[in-house]
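This briefing addresses the fold, the nonpolar cores and one residue environment of the protein shown below.

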Amino acid sequence: MQPPKNNFALGALLVCAALAASACGGVWSSRARTPPAPTTALTPAAPPVTTDTASEQMIRFLEDKVRRDPEDFSAHNKLAGYYHQRLRETGDLHYLELAFRAARASLASVPVVRNSGGLAALAQAEFAAHDFAAARDHATQLTQLEPGKQYPYGLLGDALLELGEYDKAAAAFRQMTRVGDGPSESSETRQARLAQLHGDNAEAQRHFANALALALAQPAPARETVAWYRWQLGETAFASGDYETAEQHYRAALVTFPDYYRAIASLGRVRAARGDLPGAIAQYEHATKLLPDPGFVAALGDLYKLAGRDREAAAQYALVEQIGHLSALSGALYNRQLALFYADHDLQPAEAYAQAAREYEVRRDIYGADAVAWTALKAGKLAAAQSAMEDALRLGTLDARLLYHAGLIARAAGNEMTAHAYLRRALALNAQFDPLQAVNASKALAN
């Protein structure tokens, strides 16, 4: 039952999925404590004691235990937790399949009313697989089984965020804080996400710094968890166009957790933003070898194109489509990415719009609305693009890509002053938000 070392099993969940997954450590631990004073925390942590080898040894031990006693629901629950940890660390979707198997075996042995751990493991797996409606329903059930604990409300709020039910998500996070003894890694991470969505990147940075400080205060913090917080601080800095600080955070993440695929790819993006095209290509080549995530592969293709390596760019673009259609699970995870890839590269506009619209029927978050708007524009459906873009901007999120899309939609509608304002805001916020699309934004503004 040992997971194969097969990177093409894929992985790399979206930021939101990563948020919930990385917070799982806080779900089970990190009971509230007053955090140390907020800090950007660029100094890497001392090497924590948790290691990949220790995780794999524990996985083998628990797999042997449930093989000898398939009814040991507690061992199944622990095993699911370790599979989720390895999923976060590697992005390998085989661990997600194993987490589902362990959770279902646990619940088959002991019913939900006496097995909240099994239900939580199932909800986490559903969230990671982007089955957010099922994750919401099971998390709601957990809040009834464990009303005095934080983690059910965290799981519920995460699912509600992904479904675009922002007021309900905020209420779940407030309840999460109320039942705790104060701030925790989990609650600080959720507050950071809310701040990002509402356009307050400074507040998001403060909450992520608090979460990192709480993690480092643990006796043996998990390396991936610490690296994830550092990476998120880098992402927040990058979103505001502070490339130097972003790179510092990404490098700190890699000191904490070498070969961390998220930080490697993000370091490539920031190098591209700083004009280092060869360095950016090298980083993305490294990232795609570790994990062929469609976003990484598409970005590498764009960099090859900018470097005049058209044949290599075309090969990467073809691989994006192959990955997106590889399996039902990868299709569920990467549907939105594939639709946006098509729209960014003016490919298959009707299919891209159909994919984005179909997903938005269920998952009505602002980034789903943005995907509908952008693909609708490319498909020649201007009224649909305008309506969806209004939904995408409803929280006041400060994201250069959203503002860029809004600018081009306004220009297509003949609203030149509005288009000019959106494009100026996008480039003022983050002048190099994307190697290709930022160039398009500058050209559109100049014209």
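**Environment of T189**

Helix α10 (residues 185–197) contains T189; helices (H or I, at least four residues) and strands (E, at least two) are DSSP runs, numbered from the N terminus. The model is predicted: local features need pLDDT of at least 70 and side-chain atom pairs count only at pLDDT 80 or more, whereas totals for chains, interfaces and linings use all residues. Residues are numbered from 1 along each chain as its sequence is written, and side-chain values use heavy atoms, with hydrogens and water left out.

- T189 has a relative accessible area of 0% and is therefore buried (under 20% relative accessible area, 1.4 Å probe, protein chains only).
- A polar atom of the T189 side chain lies 2.7 Å from the backbone oxygen of E185.

**Overall fold**

- The protein comprises 24 helices and zero strands.
- Of its 447 residues, 57% are buried.

**Nonpolar cores**

- The largest nonpolar core (buried Ala, Val, Leu, Ile, Met, Phe, Trp, Tyr and Cys residues joined through side-chain atoms within 4.5 Å) has 126 residues, of which Y83, L96, Y260 and Y404 touch the most other members.
- Helix α5 (residues 93–109) gives the most to this core, with nine residues.
- Beyond its neighbours within four places in sequence, Y404 is in contact (heavy atoms within 4.5 Å) with W374, L423, A426, F433, Q437, N440 and A441.
- A second, separate core has five residues, among them F127, F132, A135 and L163.

Notes. Buried < 20%, exposed > 50% of the residue type's maximum accessible area, 1.4 Å probe, protein only. Polar contact = N/O pair within 3.5 Å; in protein donor to acceptor, adjacent residues only side chain to side chain.
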